[in-house]
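User: Could you take a close look at the aromatic rings in this model, and then place them in the setting of the helices around them? A connected account would suit me better than a list.

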Amino acid sequence: MAEDRSRNDEAATVLPPRASIPSGDNSVWADVSPLLQAASEDLQEGELIHGDNFNLFAAMSALEIMDPKMDSGMACTYYSVEDAIENGAAPVPISADKTTDVRCTIDIMDHLLACEATWHKGHSLAQTVYSCLYLLRPERISSHALLYSYCKVIRATCKAVLSVVSDARTHEEEDLFTMAYGLPLNGDGDEKCLSMLNAVEETISRQLRACKASSSKRRVSEDIEPLQNNPDLEEGYCKALLCRLRFRKHFYHLLMSMKRPLGRGLELARKHIASCISEIDHIRKSSEFIRASCHGMSEENVVSTTASGCQPIGFDGSLNCTPPRAIEFLCWQKALEYFMKLLQDLDIICSYSLDPSLEAALLFVIKFQKSQPDLVSRAHLQLLLVQEGKLYGREPMFSMITRAAGLPEVTENHDIKKNEFMVQLGQLVINLLKILCTNAAWQRRKLGKMLQDWRVTYVQLEMAFKKEIEEAPKTSHNKEICFKIYQHILLWVEEQTYWIAFRFLSLGFELDLYSVHDYCMVYWYIYVVLIKLVEKKHLRMAISRDAAKKRAKKKKDSFKDAERDYQIPAAVLFLQSQMYLAEGLSMMFAALRNECRIAPLQSPFNTEHEIFIQQFDLLLKACVPDRISYTTFKESTIPANFSTLAICEYFKEAQRIAKEVKSSFANDPDTMAELCRVEQVAERNNIAFNVCRVGALDPKLKISFTFCHHPFFATAIVKRT
């Protein structure tokens, strides 16, 4: 629990006596009062005190004092919308002066954009977008066509975004996101929001053309009423309003295009994305004019949510929560940056070719996640991938599985697809795609839990297949076909299980879940998982290759020649390079530990055995891989030392394979980049290990580790102090 000093002091004084706490048979209690007392004197507000296996990602349900998402607190200006309106918090008209009215309207538009970005980041809709009194009572501003149409399209946009996130069910990450609190999300005439916005846009466009007109044409435009009173500011204000209106229009069109089924609206969506990005550039450029037009009215040293730097009128976030605490909004610049990043992420999704390959879809999601997309873009990705139980709404999951397993197309008409466990496998694949679209913390947790489902499904499929083959007539040609189908599918299920385990372990580095003392066991576990992944992938590809040769009806001699010339597939070699690197790192950390170059773990709470169980509990429960335990880990790492030449060989082999297999991935820049990283880490670790071995007795030799070359394979740095 994150607390300030006073609360830590209080916690330290109310601890019950040690003797009053019942102890289990295997429990050993220790008095932590001195530890809490020391922590309360040292911790700053917002800092966290935690044990070795407790971190912020594991504390999602903990109460964080003063966080408006988790501790609503008390902060109230008005007690109702009517009370706020009566006190003049949202005047209509906004100002009697037309120039002031326009400037204040732009401030409201800018602050609403900041509110929307803050909502997307996980705060409640009630305290962000719907803190706008004009949005809560839009009928009051029906005479103000500009603000009225803008509020209408904002409300329609929020409804569309909320619908996407709810349908994707990614809102579990941010429980507040989809809570509407009974707010007016559906208003009369919202379906006509774009027609109203277009009418206002056309009016302002005419005003812009009129103020640009030459003196000879000025008389023709005299019937067009100016936007505000100052002719010198007319053009600047018209442009500032138009880019904001057009951004809102194209953003709404973008959301509607992406909702079209089967990916039919993606091409159109990209056009609207380009328009949105262009309008954001214009919005940024308008800030200089708006600030200059305020004549020093902006507040200095205040984090502003508007281009002018002025505080917007008509907002109060305390009205919609009981009890409320004021939240910190994204500033105007950060809000624009958020929307720019969102648009770029959505453009990546829309540019995807909808490759009818399950493996390609999985790799695309993994690559997309590297850019750390936010909730809204990930929700759109999930809805694109999975529609009505099909990939992109087009490809049945059974077809995707059989293709991924290397089976011929005739399999799609086989009765196996009616098997209840095959249907269950299809649902597991759907769940896997959905899980990969969640944030890293949720993804890791759910991947670990679903491993048991994959293992259970494998056992059920194996038993069902054996029964079906045994019951088939011995002379039946269908029996041979069934055997091949089941062999391919079972191998593929095992391969995917180990791929999920590998993803689960590597995500721990991204989430900072491992300490230096854990690296030895983590890399060792990655190594044993990769051994199995390489084995299953290689076997499945070999069987598929042999089946393809037989279908091609090659001559016997040429078939034998092909067998002699057979080489390990590049995809398998790629995994082997990572496997050798993981093995080398695990042995390197083991040697450093055994030679006392890394201080042994000393914790009053956990032994190394307990940490092993805690780190890999979900893998061990799923028996991934089989017969793996803390004992096998210790037996593998105890002999490691600097005199063991094999450790160097692991790094050399990883480097050699990565270098040789590059030519096979010339058209795959992502895999090529990964091979370069593996090669780089292997080369540097080989050098570092040799330096450690030569200077094994030098106490001034200090070793540290960095992830500057690879996200989860560490690079050793050796320095003399």
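Analyst: Rings of Phe, Tyr and Trp, the last taken by its six-membered ring, count as a pair if their centres lie within 6.5 Å. In this predicted model, ring pairs of that kind link Phe502, Phe509, Tyr514, Tyr519, Tyr523, Phe589, Phe705, Phe707, Phe712 and Phe713 into a cluster. A search of the whole structure gives 34 aromatic pairs.

One of these pairs joins tryptophan 524 and phenylalanine 633, whose ring centres are 5.5 Å apart and whose planes stand at 65 degrees; because planes over 60 degrees apart count as edge-to-face, that is the class of this pair. The two residues come from distant parts of the chain, since tryptophan 524 belongs to helix α18 (residues 519–551) and phenylalanine 633 to helix α23 (residues 630–637), with their positions 109 residues apart. Both partners are covered: tryptophan 524 is buried at a relative accessible area of 3%, and phenylalanine 633 is buried at 0%. A further edge-to-face pair is formed by phenylalanine 612 and phenylalanine 616, with ring centres 5.0 Å apart and planes at 70 degrees. Here phenylalanine 612 is buried at 0% relative accessibility, and phenylalanine 616 is likewise buried, with a relative accessible area of 0%.

Rings also meet charged groups in this model. The charged end of arginine 444 sits over the ring of phenylalanine 504, at 4.0 Å from the ring centre, while the charged end of arginine 445 sits over the ring of tryptophan 442, at 5.9 Å from the centre of that ring.

Following the chain on from helix α23, one reaches the loop between α23 and α24, where proline 639 is placed. Proline 639 counts as exposed, because its relative accessibility is 52% and the class begins over 50%. Although proline 639 and methionine 587 are 52 residues apart in sequence, their C-alpha atoms are 9.1 Å apart in space.

Methionine 587 is also one of the residues of α20 that make the contact with α24. The axes of helix α20 (residues 570–594) and helix α24 (residues 646–661) come within 8 Å and cross at roughly 155 degrees; angles over 145 degrees count as roughly antiparallel, and α20 and α24 are therefore described in that way. Their crossing is left-handed. Aromatic residues take part on both sides of this contact, including Tyr580 of α20 and Tyr650 and Phe651 of α24.

Elsewhere in the chain, helix α7 (residues 193–212) and helix α9 (residues 231–258) have axes that come within 9 Å and cross at roughly 155 degrees, so that α7 and α9 are roughly antiparallel as well. The crossing of α7 and α9 is left-handed, and the residues that meet there include Leu194, Leu197 and Ile204 in α7 and Leu241, Leu245 and Tyr252 in α9.

For the wider setting, the protein chain holds 25 helices and five strands, and buried residues make up 50% of its 721 residues. Helix α13 (residues 375–385) is mostly covered, with 10 of its 11 residues buried, among them Arg378, His380 and Gln382. Of the contacts in the protein chain with a separation of 6 or more, 77% are between residues 24 or more positions apart, and the pair of tryptophan 524 and phenylalanine 633, at 109 residues apart, illustrates such a link between distant parts of the chain.

Conventions
Residues are numbered from 1 along each chain as its sequence is written. This is a predicted model: local features need pLDDT of at least 70, side-chain atom pairs count only at pLDDT 80 or more; totals for chains, interfaces and linings use all residues. Side-chain values use heavy atoms; hydrogens and water are left out. Rings of Phe, Tyr and Trp (its six-membered ring) pair if their centres lie within 6.5 Å; planes under 30 degrees apart count as stacked, over 60 as edge-to-face and the rest as tilted. Helices (H or I, at least four residues) and strands (E, at least two) are DSSP runs, numbered from the N terminus. Buried means under 20% relative accessible area, exposed over 50%, partly exposed in between (1.4 Å probe, protein chains only). A charge sits over a ring if NZ of Lys or CZ of Arg is within 6 Å of the ring centre and within 35 degrees of the ring normal. Axes are lines fitted to C-alpha atoms, for helices over the stretch in contact, and angles run from 0 to 180 degrees between N-to-C directions. Angles under 35 degrees count as roughly parallel, over 145 as roughly antiparallel, 65 to 115 as roughly perpendicular and the rest as oblique. A crossing is left-handed if the near helix is turned anticlockwise from the far one by less than a right angle, and right-handed if clockwise. Contact means heavy atoms within 4.5 Å.
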